[in-house]
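Below are some notes from my reading of this model, set out as numbered points. Please keep the sequence and the coordinates open while going through them.

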Amino acid sequence: MAADTVVAHMMGFTEQPRTIELAAEKGFGTNDLAKTTIHGELAVIPGFKLPNAGPGVSMESVTTLRPKVNNELCTLCETCIEHCPNEALTLDGYPTVDPEKCITCYCCQELCPPESDRIEIIHCELRL
């Protein structure tokens, strides 16, 4: 996790990615650069451009994106709920994402049966 923290800093993230913050909260390691032993210079890579996360979406804001089930296409198979690693999905008529628990791994979207786009990615203003 310390390596992720260092690399995010070197890539120029102005805020730590949500996954790093949540991992630190769960005790998986430190996300504090001051508590990380670094050999050599720790500097932002000059000219490094974060990947394009889609039209009008910056890579820094990608951790504010959340999956949302398209109720018109959902078959209620509950695959997304069963496989969510952080138990962020519950069945409330249709699968619903708790934005405070969602770690943006998109397992729900990847495991949703492929016949159609049943899970969309939407922008969420929540920032932990």
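1. In this predicted model, G27 adopts a positive phi of about 85° just after helix 2, and I would begin at that position before turning back to the helix that precedes it.

2. Helix 2, which spans residues 18-25, is mostly covered, since six of its eight residues are buried. The buried residues are R18, I20, E21, L22, A23 and A24, a list in which the charged residues R18 and E21 deserve a second look when the side chains are inspected.

3. Against which elements do the buried residues of helix 2 pack? They pack against helix 1 (2-11) and strand 1.

4. Strand 2 (residues 89-92) and strand 3 (residues 94-97) run antiparallel and are joined by four bridges, one pairing being that of T90 with T96 in strand 3. The two strands form a hairpin with one residue between them, and G93 in the turn has a positive phi of about 85°.

5. On the surface, L76, L91 and Y94 together make a nonpolar patch of about 240 Å². L76 lies in the loop between strand 1 (65-69) and helix 3 (79-83), whereas L91 falls within the residue range of strand 2 and Y94 within that of strand 3.

6. Why can L76 count towards such a patch? Membership requires over 30% relative accessible area, and L76 qualifies on this criterion because its relative accessible area is 38%, which makes it partly exposed.

Notes. Residues numbered from 1 in each chain as written. Predicted model: local features only at pLDDT ≥ 70, side-chain atom pairs only at ≥ 80, totals over all residues. Heavy atoms only, no water. Patch = residues over 30% accessible without salt bridge, like charges linked within 9 Å, V, L, I, M, F, W, Y side chains within 5 Å. Areas by Shrake-Rupley, 256 points an atom, 1.4 Å probe, with all protein chains shown as cover. Salt bridge = Lys/Arg side-chain N within 4 Å of Asp/Glu carboxyl O. Buried < 20%, exposed > 50% of the residue type's maximum accessible area, 1.4 Å probe, protein only. Contact = heavy atoms within 4.5 Å. Pairing = 2+ DSSP bridges.
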